[in-house]
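This report goes through selected local features of one protein model. Please keep the sequence and the structure open while reading.

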Amino acid sequence: STADLERVLRDRLPAIVMSSEGADFLEGDLKRLQAARVLGIVHLQIVHYRVSEVGDICSERPVRGGLTAFGKSVVAECNRLGMLVDVAHCTSAGIEQALDVSAKPLISSHGFVADFQPSYTMDGARARGLHLPVAKKIAAKGGVVGFWALGQQFRSLGGMADAVIDAAQKLGAAHVGIGSDIAGMPTTVMPTYAAFAELAELLERRGLKGEDLDNVLGKNYV
């Protein structure tokens, strides 16, 4: 709950935000979303590695035209239940449709901002890019774009820091975050969370200071 969140932040208590990477468990039944919320799921990534009842994914040939009617109803129901909508792995069309439906800010939790239009025909990492015009729409609606730590994309943690700084300049520091995907990377520039402190130092050296730095490192997500 909001009260729980405020308490753990105030008292500096270790805590976990429960999420699901993909809404596949719904199997087309919207009632299951409320059941998940009762169980404590408060963050829902609506698609993952399967073209599903919810919609297309960015790494496979699109067949749904973005989100299905059911997928759009999932976004609206998340708003009603107080669940954060995460559009990572969605196609550009799916993200824009989610933005049209949602009355609340969205996030794209882990990936990168691309100056090209990503396509399922590209290799896995490039297909996962978030096209800059779409990223700007997420930011304009108050949302956040999280950067992963993929080793195939960034040669070093400094390279990741450069990308975060670039995005902060283009989207605003209030709309950028870190979504390391630390347990999901085949290779990573952030092998353990000990690297998080190093990333903070690198970002500060590149000019991200004070409140902007704190926001990018976590407060934007909060």
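## Salt bridges

The structure holds 10 salt bridges. The model is a predicted one, and the distances and accessibilities given here are computed from it. Side chains of opposite charge can pair when their charged atoms come close. Three of the pairs are described here, together with one network.

Aspartate 24 and arginine 50 meet through their side chains in a salt bridge, at 2.9 Å from N to O. This pair links distant parts of the chain: aspartate 24 is in the loop between β1 and α2 (31-38), while arginine 50 is in the loop between β2 and α3, and 26 residues separate them. Aspartate 24 has a relative accessible area of 23% and is therefore partly exposed. Arginine 50 is also partly exposed, because its relative accessible area is 36%. The network of salt bridges that contains these two residues takes in Glu53 as well, so that Asp24, Arg50 and Glu53 are linked.

## Two further pairs

Aspartate 11 forms a salt bridge with arginine 10, and the closest N and O atoms of the pair are 3.2 Å apart. Aspartate 11, at 39% relative accessibility, counts as partly exposed. Arginine 10 reaches 59% and so counts as exposed.

A salt bridge also joins the side chains of glutamate 27 and arginine 32, with an N to O distance of 2.8 Å. Here glutamate 27 is the exposed partner, at 55% relative accessibility. Arginine 32 is partly exposed, with a relative accessible area of 35%.

## Threonine 68

Threonine 68 is placed in the loop between β2 (43-45) and α3 (69-81). Its relative accessibility is 16%, and because the limit for a buried residue is under 20%, threonine 68 counts as buried.

Which backbone atom does the side chain of threonine 68 reach? The partner is the backbone nitrogen of glycine 71, at 2.9 Å. Leaving aside residues up to four places away in sequence, threonine 68 touches Glu53, Val54 and Gly55. Of these contacts, Glu53 is also a member of the salt-bridge network with Asp24 and Arg50.

## Cysteines

How many disulfides does the model contain? The count comes to zero. A disulfide is a covalent bond between the sulfur atoms of two cysteines. For cysteine 58, the nearest cysteine sulfur belongs to cysteine 90 and is 8.0 Å away, and cysteine 58 is in no disulfide. The reverse holds for cysteine 90: the nearest cysteine sulfur is that of cysteine 58, at 8.0 Å, and cysteine 90 is in no disulfide. The cut-off for a disulfide is a pair of cysteine sulfur atoms within 2.5 Å, which is why a separation of this kind is not counted.

Cysteine 58 is buried, with a relative accessible area of 10%. Cysteine 90 counts as buried too, at 6% relative accessibility.

## Positive phi angles

Most residues other than glycine have a negative phi. Arginine 12 has a positive value, near 55 degrees, and is not a glycine. Arginine 12 is located in the loop between α1 (2-11) and β1 (19-21). At 75% relative accessibility, arginine 12 counts as exposed.

Aspartate 181 is another residue that is not a glycine but has a positive phi, of about 55 degrees. The loop that holds aspartate 181 runs between β7 (176-178) and α8 (195-205). Aspartate 181 is partly exposed, with a relative accessible area of 23%.

## A nonpolar surface patch

Leu5, Leu9, Val17, Tyr221 and Val222 make a nonpolar surface patch of about 420 Å². One of these residues, tyrosine 221, lies in the segment after α9 (210-219). Tyrosine 221 has 37% relative accessibility and so counts as partly exposed.

## Isoleucine 165

Is isoleucine 165 buried or exposed? At 11% relative accessibility, isoleucine 165 counts as buried. Isoleucine 165 is found in helix α7, which covers residues 157-171.

Not counting residues up to four places away in sequence, isoleucine 165 touches Leu203, Arg206 and Leu208. Isoleucine 165 and valine 216 are 51 residues apart in sequence, and in space their C-alpha atoms are 9.7 Å apart.

Key
Residues numbered from 1 in each chain as written. Predicted model: local features only at pLDDT ≥ 70, side-chain atom pairs only at ≥ 80, totals over all residues. Heavy atoms only, no water. Patch = residues over 30% accessible without salt bridge, like charges linked within 9 Å, V, L, I, M, F, W, Y side chains within 5 Å. Areas by Shrake-Rupley, 256 points an atom, 1.4 Å probe, with all protein chains shown as cover. Salt bridge = Lys/Arg side-chain N within 4 Å of Asp/Glu carboxyl O. Helix = DSSP H or I, 4+ residues; strand = E, 2+ residues; numbered from the N terminus. Buried < 20%, exposed > 50% of the residue type's maximum accessible area, 1.4 Å probe, protein only. Polar contact = N/O pair within 3.5 Å; in protein donor to acceptor, adjacent residues only side chain to side chain. Contact = heavy atoms within 4.5 Å.
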